Amino acid sequence: MPVSDARPDTARRGRPRGELRLTVALWIALVATTIPLLRVVHSGAWLPGAALLMAVLLMVGFALRRRRRMPAIAVTLTELAVWTVAITGVFLPETALLRVIPTGGVVQAVPEIVQQAGQEILEGVAPLAATSSLSFVIVAALGLLAIALDHVVLTARMPLLAAVALVIVWLIPAIAVPAGVDVVAFVVLAAAVLFLIRAETRTRETSVARAGGVSAVALAIGAVAIVGAVIGGPVLPPPTATAGGAGLAASIDASLDLGDDLRQPNDVTVLTFRSDAPQLPNLRVATLSLFDGEVWQPDRPRSVELSETAFDPVTAADGIRITEYRTNVDVSRLSSAYLPVPYPAVGVTGLEGDWRAVPYSRTLLTGQSNAQGQRYEVVSQVPRPTLEQIRGTSARMDDTAVDVTSVPADTPAIIADTAREVTAGAATDDDRLVALQSWFRGPEFRYSLDTPVEEGFDGAGVEAVAAFLDRKEGYCVHFAGAFALMARTLGMPSRVVVGFLPGGYTGDTVDGQRVAEVTTGQLHAWPEVYFAGVGWVAFEPTKSLGTPTQFVSASEPVDDAGEDVTAPTATPTSSAAASAAPTERPDSGGDASPVAARGIDLWPLSATVLIVLALAAAPAAAGWARRRVQRERGGVGGAWRAVQDTAIDLGIAVPLSESPRAFGARLIAQHGAPSAETNHLVGVMERLSYAPAAGGPGSGAAAGPGATGTRRAAAADDRTGIRAGASPAAGAFADAEAIRRGMLAAADPRERLRAVALPRSLVIRPGSAFADRDAVA
């Protein structure tokens, strides 16, 4: 009988062992998956309700398996019945029988509730309000997930499959609402999944095997993996797609986290474009309207399938000229789910793949394709009010699906006070914004990529804005964030745009139009303010970048570029547009100097190499650490487990049905194990597994000190090779180490290297299905 069969009495009788711990571990893992949902839906009663429902369902399953010994299908059906009663009683009691039993009215109402929730998700802006329909869908779905995973983990004993499902569910909110990695949520999920897997493996281990320090090793491996992912992940270069060309592709995130990109030692050309507009336009990828006091987040109104009618034509107040332009873009090295387009776009043609339009911001994004290698034409319609027209309107928005006016309650007073002070002499909203723009671009401020505004230099929160206004040094993120927030303190709707400056001309022409190229150095952020009857108007407060927005009088001449969609009243007008000439980004040492040559920073490459080497050495280090723990704490059981692990590492089958003596004989005959040490360790294992306990029945104690007892002990000693009076554990691990050395020496060199560098026993358990075959791959 192998040692793995030596189980406690309760296990021999078939009763569950460790299932309560496993049930609790599954509940913790399920709760961990709900944390990212707070990014999509505001917290509310759904959160504790879902946690309670999942706990009830899991405990019902545990109780039925432990007490009633019901078949798996009966347990699942019972859980579904409890789920149905709970969901009906909480959300649909009015139309239910006895307020908990579903009726035809309940069945009819469920599709309507689900459809309502889908409409709210499609048209709403994250985080959504926790309405009753959304709460119904979330709580019901999490309850069904708990039932499914209860069957997968507790019945089928497949925790890895459950872990995959949990990770997928955890990722859905991150895909729906792109944002920075939530480190806390990731660590919680990782720890919960590791705890779940460990809890399941403990239900299969014997007391002898548990003495080998498996928990300590598993904890160490899990901690190293989590810390490595949290610390090493941000250092590694982002994955990029290079379809349509060779070389490295840049990436861009729809956020204000542009500092690291702007401080790269070398620029990478990301696209070229040409336009019939009189000035090359900025190209936007996303708009950021939601501000919680810490970060500006991309607005996420509904998106629609890209078609000829995806964007409505641009409208403006009577008498305001609207001119149509065409811009052709060729993306060469940009791996992004967001497409750079001029504003305001009314049509895009030539794209390949599945792209969706966001009518609210007139931007495009994709969940399946990529900006890399795309060639497309954008038709845009630009309102061109005169100075008199823009002064005659006000910066207000009567109705919007996105909050573009709120100011956080903890905003430092210096921000609003400075805004009022700078704009004190202005008479109209346009005058106030032009005054702010001129102040930021004036002699008091300095463009700098290196000035530490605060510890979180690249932040755009209220504290960073206050520090920026005090230091008066920063880059586009600080200028744009401060301008937009100060505009809101003046009661004006504002947002921040992320995209690219127009870049520089290449000297080439296509169809009579000059071609410009845009590099990663032109990554930029700028603010926009909404004017009634005009729309969103861009401003350029960043010192020495672009051209400040200004409007000219109706009496001045106008260029005739583009095609007028609506004619102006009275005299033609000129537009407020981007720079007439391509602009370059200054370095941190001055406002007007070109980009200075930078040295090559070897730290990212060195850090990447070190992380790769550390990860490559991690399995071997983990195997060594486990053997050390087995030596110090494992005793005979740890020594025998070390031999089994060595066999698994070398691809040798370790079946559950094979006795220690048969297993040892096979290792001696086929795999180079030394016979003396192997026989000695096998004898110790047989004595521990089969010899009666001291003083128990058949132990020989009843025979007294006579010849019979002496002969029995002598026979046992002869059979096992253990000297009389010696501890059964004496020399056990020395035997195990000798066996390991012999088997490694007899193995093929490549197999020996793989056994040391990538020990399979870290993931394969002796006696498992993966170990019960000759090729443990």
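This note sets out several local features of a predicted model, in numbered points.

1. Strand S15 and its surroundings. Strand S15 covers residues 494–500, and 7 of its 7 residues are buried, so the strand is largely enclosed by the rest of the structure. Burial here means a relative accessible area under 20%.

2. The two faces of S15. In a regular strand the side chains alternate between the two faces of the sheet. In S15, one side carries Ser494, Val496, Val498 and Phe500, and the other carries Arg495, Val497 and Gly499. Both faces are covered, since the residues on each side are all buried.

3. The neighbours of S15. Strand S3 (residues 283–291) pairs with S15 in the antiparallel sense over 5 bridges. Within this pairing, Leu288 has Val496 of S15 as its bridge partner. S15 also pairs with strand S18 (residues 523–531), again in the antiparallel sense, over 7 bridges. Here Gly499 stands opposite His524 of S18. The reader may wish to locate Val496 and Gly499 on the model, as they belong to opposite sides of S15.

4. A nonpolar patch on the surface. Leu20, Val24, Trp27, Ile28, Met59 and Phe195 together make a nonpolar surface patch of about 470 Å². Helix H2 (residues 19–33) gives the most to this patch, with 4 residues. Leu20 is one of the patch residues and is found in helix H2. The relative accessible area of Leu20 is 44%, so this residue is partly exposed; the class lies between the limits of 20% and 50%.

5. Backbone geometry to check. Most residues other than glycine have a negative phi, and most peptide bonds are trans. Three places in the model merit inspection on this account. The peptide bond from Tyr343 to Pro344 is cis, with omega near -5°. Pro344 sits in the loop between strand S8 (338–339) and strand S9 (345–349).

6. Positive phi at Lys472. Lys472 is a residue other than glycine with a positive phi, near 60°. Its place is the loop between helix H15 (462–471) and strand S14 (473–474).

7. Positive phi at Asp511. Asp511, also a residue other than glycine, has a positive phi near 55°. The loop that holds Asp511 runs between strand S16 (504–510) and strand S17 (513–519). Is Asp511 buried or exposed? Asp511 has a relative accessible area of 67%, and is therefore exposed.

Note on methods. Residues numbered from 1 in each chain as written. Predicted model: local features only at pLDDT ≥ 70, side-chain atom pairs only at ≥ 80, totals over all residues. Heavy atoms only, no water. Patch = residues over 30% accessible without salt bridge, like charges linked within 9 Å, V, L, I, M, F, W, Y side chains within 5 Å. Areas by Shrake-Rupley, 256 points an atom, 1.4 Å probe, with all protein chains shown as cover. Salt bridge = Lys/Arg side-chain N within 4 Å of Asp/Glu carboxyl O. Buried < 20%, exposed > 50% of the residue type's maximum accessible area, 1.4 Å probe, protein only. Pairing = 2+ DSSP bridges.
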